[in-house]
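Take a look at the chain shown here. Follow its path from one end to the other, then read on.

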Amino acid sequence: MNPWPQPLQTPHPPILVGGSPTPLHFRHIVEWADGWMPNEGRYEISEKWPELQRLAADSGRDPDT
């Protein structure tokens, strides 16, 4: 899988995805990002954080990194 656009630097700067903790945003974060910049509003981020970590682990990503 090659996310587009790709950074030119190696190693590339971290790619952060901002968004609310919704299933769509979480899929994008796990697929393309190195980190999440949460937008808190309607959702309680602390309640959703374990879900993002679980999705990352299920996708073969290390949630700690």
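Two residues are in contact when heavy atoms of theirs lie within 4.5 Å. With that cut-off, and setting aside neighbours within four places in sequence, Pro-38 is in contact with Gly-19 and Ile-45. Keep in mind that this is a predicted model.

**The overall plan**

The chain has 65 residues, and 22% of them count as buried. Its secondary structure comes to 2 helices and 2 strands. Along the sequence, they follow the pattern β-α-β-α. The C-alpha trace spans about 35 × 25 × 20 Å along its principal axes. About 5,000 Å² of the chain is exposed, and carbon and sulfur atoms supply 55% of that area. The chain carries 5 positive and 9 negative charges, and the mean positions of the two sets are 8 Å apart. Now consider contacts between residues at least 6 apart in sequence: 25% of these join residues at least 24 apart.

**The strand pair**

In which sense do strands E1 and E2 pair? E1 covers residues 16–19 and E2 covers residues 35–38; they pair in the parallel sense, over 4 bridges. Between them the chain runs through helix H1, residues 23–32. This β-α-β crossover is right-handed. One of the bridges links Gly-19 to its partner Pro-38 in E2.

In a regular strand the side chains alternate between the two faces of the sheet. E1 shows such alternation. Val-17 and Gly-19 point to one face and are buried. Leu-16 and Gly-18 point to the other face and are not buried.

**Three residues compared**

Here are three residues from three parts of the chain.

| Residue | Relative accessibility | Class |
|---|---|---|
| Ser-20 | 17% | buried |
| Pro-38 | 37% | partly exposed |
| Pro-23 | 54% | exposed |

Start with Ser-20. It lies in the loop between E1 and H1. Why does Ser-20 count as buried? Its relative accessible area is 17%, and buried means under 20%. Which residues does Ser-20 touch, leaving aside neighbours within four places in sequence? Ser-20 is in contact with His-25, Trp-36, Asn-39 and Tyr-43.

Next comes Pro-23, which is found in helix H1. Is Pro-23 buried or exposed? Pro-23 counts as exposed, because its relative accessibility is 54% and the cut-off for exposed is over 50%. How far is Pro-23 from Arg-61? They are 38 residues apart along the chain, and their C-alpha atoms are separated by 17 Å.

Last is Pro-38, which belongs to strand E2. At 37% relative accessibility, Pro-38 counts as partly exposed. Pro-38 and Pro-21 are 17 residues apart in sequence. In space, their C-alpha atoms are 7.1 Å apart. Pro-38 also ties back to the opening example: Gly-19 is among its contacts, and Gly-19 has Pro-38 as its bridge partner.

Definitions and conventions: Residues numbered from 1 in each chain as written. Predicted model: local features only at pLDDT ≥ 70, side-chain atom pairs only at ≥ 80, totals over all residues. Heavy atoms only, no water. Pairing = 2+ DSSP bridges. Right-handed = clockwise from strand over helix to strand, strands pointing away. Buried < 20%, exposed > 50% of the residue type's maximum accessible area, 1.4 Å probe, protein only. Areas by Shrake-Rupley, 256 points an atom, 1.4 Å probe, with all protein chains shown as cover. Lys, Arg positive; Asp, Glu negative; His and termini not counted. Charge placed at Lys NZ, Arg CZ, Asp CG, Glu CD.
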